Amino acid sequence: AAEDGLDGWLRYAPLDLGHKHVSFPTSIVALNSSKDSPVYTAGLELQKGFKGILSQNLKISHDGRPTSSAIIVGTVAEYSKTSNKPLNAPKLKEDGFWLSTHGNTVTILGQNERGALYGAFEYLSRLAQGDLSPATYATSPDAPIRWVNHWDNLNGTGTHGSVERGYGGDSIFYKDNVIYQDLSRVTDYARLLASIRINGVVINNVNADPAFLTDKYLEGVARIASHFRPYGVKVGLSLNFASPQLIGGLNTFDPLDPSVVEWWRTTTNKVYKYVPDMAGYLVKANSEGQPGPLTYNRTLLDGANMFAKAAKPHGGIVMFRAFVYDSVNLKESDWKADRANAAVDHFKQFDGQFDDNVVVQIKYGPIDFQVREPASPLFANIPKTNVAIELQVTQEYLGQQCHLVYLPPLWNTILDFDLRVDNKKTLVRDVLSGERFKRNLGGYVAVSNVGVNSTWLGSHLAMSNLYAYGRMAWEPTVDVKATLDDWTRLTFGLDKSVINTINKMSMQSWPAYEQYTGNLGIQTLTDILYAHYGPNPPSQDDNPWGQWTRADADSIGMDRTVWNGTGFAGQYPTEVARRYERIETTPDDLLLWFHHVPYTHRLHSGKTVIQHFYDEHYKGAETAHSFLAMWKSLKGKIDKQRYEEVLFRLVYQAGHSIVWRDAINNFYHNKSGIADKSKRVGNH
Ligand code: GCU
């Protein structure tokens, strides 16, 4: 059913034209007849859209004879062959498209087939939103890499279930160690991804099972790839560094050992026999117990380039994760120890030496998807290296889809951040696009972790994050409020109060979540030892995970200054480093990320740290409660099923925000013994 969520924002609900007389195209010409071509898919999608939105049955032809009153969809090259009309389209980048819609004449041309499909989705999105105005424009992506990652395991027995940090049910790819025969959910997913212009998907957990490289599973990987291919989405695989030993029969996985090099070469050749257009590999090495080159005193560079050389002949790329840190030996008793330093410490030294098909994949912040982090300084430290940012659509530390948290405003704080390399404007997004350092490979990755739940992510409203992610990866300056409204119209219809209410709730949601979880850059304060869910501030400290708060009876925060702390602030270029080095110039929202201060320290706002904690937690929980009334005002304007399902989550969120509020406030009240000026916290 349209309401269960499987179609996501591609519902193609009937459009009420009122008294408008509009002439629409009456046929579709798709300039490719081969079934796994995205242009062919575009034809089918246009047909489906017209049926749903306008109740019209359009015929599709593939012979390319230009007719008026038709939608023509294809590549620029194909169109030029068949048309005698000269084309005034501007130059498109890879995957870009040109759309011209004037009543019953619509032309959709892609730089490649994928672009043509994107253009078809764009046209349908306009129709579905009731935008019938004539338009002609071209658009190209900001960056070539626009991927999602899946942390899916073959079995259901992994520590965190079959999708690590997945909150939308088990894997859509695997069950009980087999790859599904019926992959129709993969087709549904591919369709959603293509409509937001995602062009790559890594289908297995970064904590990788080497079995994926055996014939038994590669057969299934090839089937998965064949479901993504018609949608222009390429498949990639996460690798286990120790595979040569674990499944290859070698007694080593030393990346400089010729037998290991040869094993990866032949294995990669085999992989590409199964999936000739595979996107490439993703590698998590020497992190959180994963094997890697350091075991043999080799470098991360040795490891990355070994894979790069194996993938190069096939046009494959290697996404090498910068999430490398020591989670065993880090000691909080050492004032200068700091997990946040790890990425730059590990990668800066190799800048300029990675092969040109290596992309270093960097989490947005230096720790781990927290509610507030500064931009990773690694983006400023490896200008001669291809880089991509890693975001998380799955809300691991951000309420796990039980809380409404619209993430794009958080992502914007990172993408719009100016790192001031060489005292020049250096926005993170301009590093990712390759523009700032003149790189031609780079871009965006999001851990999406959808599952078999019919809402995909486990919550209807969470899907706005996936939708907006794709749009931002294409155009990072896109207005995140307007993007949200597009999503709402496509998902829930055109009622203005629905659009405005969802907008208001969503735009308040990340600030509220930050208020009732962790403030001032102290991190999310969730339980970090197992579930990453619910309040547990003491779990941050006294363990080697390095997500410390250093809270004691008098003071709190990580001293990351150069003069007295871990030195992390010094990893930023001079201007930024100077700003974070001093309390006076550090923004309040990152104060405790960079400085260790007494609870009585006064913020720029004039409040003390502790009073700010108390007040913010009350404000945040109040906002979460206000979502309930807002949502209830939509009763009858949204189908019952989705209305009830969202309501259920919002009731839960309102309650859980109080649990959060009181747990955090009581914890710091007990620790500091400082009374709440408004007499809400503790016994009065
Ligand atoms: C987080 C997450 C892990 C994941 C890791 C990673 O720490 O909790 O489940 O494996 O990130 O990104 O590799």
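Ring pairs link F173, Y174, Y189, F212, Y217, F228 and W456 into a cluster. The model is predicted, with residues numbered from 1 along each chain as its sequence is written; local features need pLDDT of at least 70, side-chain atom pairs count only at pLDDT 80 or more, and totals for chains, interfaces and linings use all residues. Side-chain values use heavy atoms, with hydrogens and water left out.

**Exercise 1. Classify the ring pair Y189 and F228.**

Solution.
- Start with the rule: rings of Phe, Tyr and Trp (its six-membered ring) pair if their centres lie within 6.5 Å; planes under 30 degrees apart are stacked, over 60 edge-to-face, the rest tilted.
- The whole structure holds 37 aromatic pairs.
- For Y189 and F228, the centres are 6.4 Å apart and the planes stand at 70°, so the pair is edge-to-face.
- Next, locate the rings. Y189 sits in helix α4 (residues 184-195) and F228 in helix α5 (residues 215-228), so the pair ties together parts 39 residues apart in sequence. Helices here are DSSP runs (H or I, at least four residues), numbered from the N terminus.
- Finally, Y189 and F228 are both buried, that is, under 20% relative accessible area (1.4 Å probe, protein chains only).

**Exercise 2. Do the same for Y580 and F594.**

Solution.
- The centres are 4.1 Å apart and the planes at 15°, so this pair is stacked.
- Y580 belongs to helix α16 (residues 574-581) and F594 to helix α17 (residues 591-594), so the pair ties together parts 14 residues apart in sequence.
- Y580 has 2% relative accessibility and counts as buried. F594 is buried too, at 0%.

**Exercise 3. Find which charged ends sit over the rings of W593 and Y618.**

Solution.
- Apply the test: NZ of Lys or CZ of Arg within 6 Å of the ring centre and within 35 degrees of the ring normal.
- Over W593 sits the charged end of R560, 4.7 Å from the ring centre.
- Over Y618 sits that of R680, 4.3 Å from the ring centre.

**Exercise 4. Describe the ligand's polar contacts and cover.**

Solution.
- A polar contact is a pair of N or O atoms within 3.5 Å.
- A side-chain N or O atom of E164 is 2.4 Å from a ligand oxygen.
- For D368, a polar side-chain atom lies 2.8 Å from a ligand oxygen.
- For E288, the corresponding value is 3.2 Å.
- Then take the cover: the protein covers 97% of the 320 Å² of accessible area that the ligand has on its own (Shrake-Rupley method, 1.4 Å probe).

Definitions and conventions
A polar contact is a pair of N or O atoms within 3.5 Å; within protein, one must be able to donate a hydrogen and the other to accept it, and residues adjacent in sequence count only if both atoms are side-chain atoms. Helices (H or I, at least four residues) and strands (E, at least two) are DSSP runs, numbered from the N terminus. Buried means under 20% relative accessible area, exposed over 50%, partly exposed in between (1.4 Å probe, protein chains only).
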